[in-house]
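Please open the structure in a viewer and keep the selection tool at hand. The tour below proceeds one selection at a time.

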Amino acid sequence: MADFHLTTREYHPQNTIIDVGGAKIGDGSLAIIAGPCAIESKDQIFRIASAVKASGATMLRGGAFKPRTSPYTFQGLEDEGIKYLVEAGREVGLPTVSEITDESEIDLFKDVDIIQVGAKNMQNFGLLHALGKVDKPILLKRGFGCTYEEVLSSAEHIMASGNERVILCERGIRTFETYTRFTFDVSSIPSLKTLTHLPVIADPSHPAGRYELIEPLSLAAVAAGADGLIIEVHDRPDEALCDANQALKPDKFESIVRKAMSVKAAL
Ligand code: PEP
Ligand code: MN
């Protein structure tokens, strides 16, 4: 392995526990982060926030800055979206998670509880260094062409810059398979948990690309030792402006949470 210090278990044998306003990740419980891919309106994020809270979510997600492949698709509500997300999280009593795409946006995230770095930005080292100076946990998603060593190196960049509160997230890698959007690499969960003390969560939505695969991928991730799940939920998938095919309805989400908790309890 490359030159690691701060991310390794040798440096820090105990699991790191991330505490955001009482909601914990890495303490042996199963964190459930849920919400829409993108915040589309105030009404939409408030509706979905209440639905996921009622179904057992412990944190609310929603993208305001969307790094979309095509420039001609919905790019997010930006600062207005962040405002609605924070208001919705406060309304239902859930900490919030949202993705940053550029260092210049950091001030807009002052009331967001966890800042997400997306797969496409996992090796944006300037952004990682800037987030090392921020006093908030960082949810670092695995780049879809990156090895475990590269994931840990990116976490090391954030930590060496001063922020030791990093959560890793497996979200699928690019392979020759095209039926699924990406290939969910379940091996990354026990491998990363062996190598590092940082919490490791799983995103079953982006590798699946189809809502009907989210349950089996979620349960596989929990069985493999994930500290949490981040799942895209939309109460009106037909109207979703982003990632509609993988949007789960709240009733289905609720049943996944129930089964995931049973798998966790069985371990
Ligand atoms: C997302 O969480 O909506 C997202 C864009 O994820 P990823 O960076 O894993 O593609
Ligand atoms: Mn998405």
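The stops that follow visit a metal site, a ligand and several aromatic rings. The model is predicted.

**First stop: the manganese ion**

Begin by selecting ligand 2, the manganese ion. Which protein residues serve as its donors? They are Cys 37 through SG, His 206 through NE2, Glu 232 through OE and Asp 243 through OD, at 2.1 to 2.4 Å from the ion. Along the sequence, the spacing of these donor residues reads C-x168-H-x25-E-x10-D. Colouring the chain by secondary structure then shows where two of the donors lie: Cys 37 belongs to the loop between strand S3 (31-35) and helix H1 (42-54), while Glu 232 is in strand S10 (residues 228-232). These two residues are 195 residues apart, and the pair thus links distant parts of the chain. Both Cys 37 and Glu 232 are buried.

**Second stop: ligand 1**

Next, select ligand 1 and display the residues around it: Cys 37, Arg 61, Lys 66, Glu 99, Gln 116, Gly 118, Ala 119, Lys 141, Arg 171, His 206 and Glu 232. Among them, Cys 37, His 206 and Glu 232 have already appeared as donors of the manganese ion.

Three distances deserve inspection here. An oxygen atom of ligand 1 is 2.7 Å from a polar backbone atom of Ala 119. For Gln 116, the partner is an N or O atom of the side chain, 3.0 Å from a ligand oxygen. In the side chain of His 206, an N or O atom lies 3.4 Å from an oxygen atom of ligand 1. How much of the ligand does the protein cover? Of the 290 Å² of accessible area that ligand 1 has on its own, the protein covers 94%.

**Third stop: a pair of rings**

The structure holds 2 aromatic pairs. For one of them, select Phe 65 and Phe 109: the ring centres are 6.0 Å apart and the planes meet at 25°, so the pair is stacked. Phe 65 lies in the loop between strand S4 (59-61) and helix H2 (78-92), and Phe 109 in the loop between strand S5 (96-100) and strand S6 (114-117). With their positions 44 residues apart in the numbering, this pair also links distant parts of the chain. Are these rings buried or exposed? Phe 65 is buried, at a relative accessible area of 8%, and Phe 109 is buried at 0%.

**Last stop: charges over rings**

Finally, select Arg 174 together with Phe 144. The charged end of Arg 174 sits over the ring of Phe 144, at 5.3 Å from the ring centre. Then move to Tyr 179, where Arg 210 lies over the face of the ring, 3.7 Å from its centre.

Terms used
Residues numbered from 1 in each chain as written. Chains lettered and ligands numbered in written order. Predicted model: local features only at pLDDT ≥ 70, side-chain atom pairs only at ≥ 80, totals over all residues. Heavy atoms only, no water. Phe/Tyr/Trp six-rings, centres within 6.5 Å; stacked < 30°, edge-to-face > 60°. Helix = DSSP H or I, 4+ residues; strand = E, 2+ residues; numbered from the N terminus. Buried < 20%, exposed > 50% of the residue type's maximum accessible area, 1.4 Å probe, protein only. Lys NZ or Arg CZ within 6 Å of the ring centre and 35° of its normal. Near = heavy atom within 4 Å. Polar contact = N/O pair within 3.5 Å; in protein donor to acceptor, adjacent residues only side chain to side chain. Areas by Shrake-Rupley, 256 points an atom, 1.4 Å probe, with all protein chains shown as cover. Donors = N, O, S within 2.8 Å, 3.2 Å for Na, K, Ca; no water.
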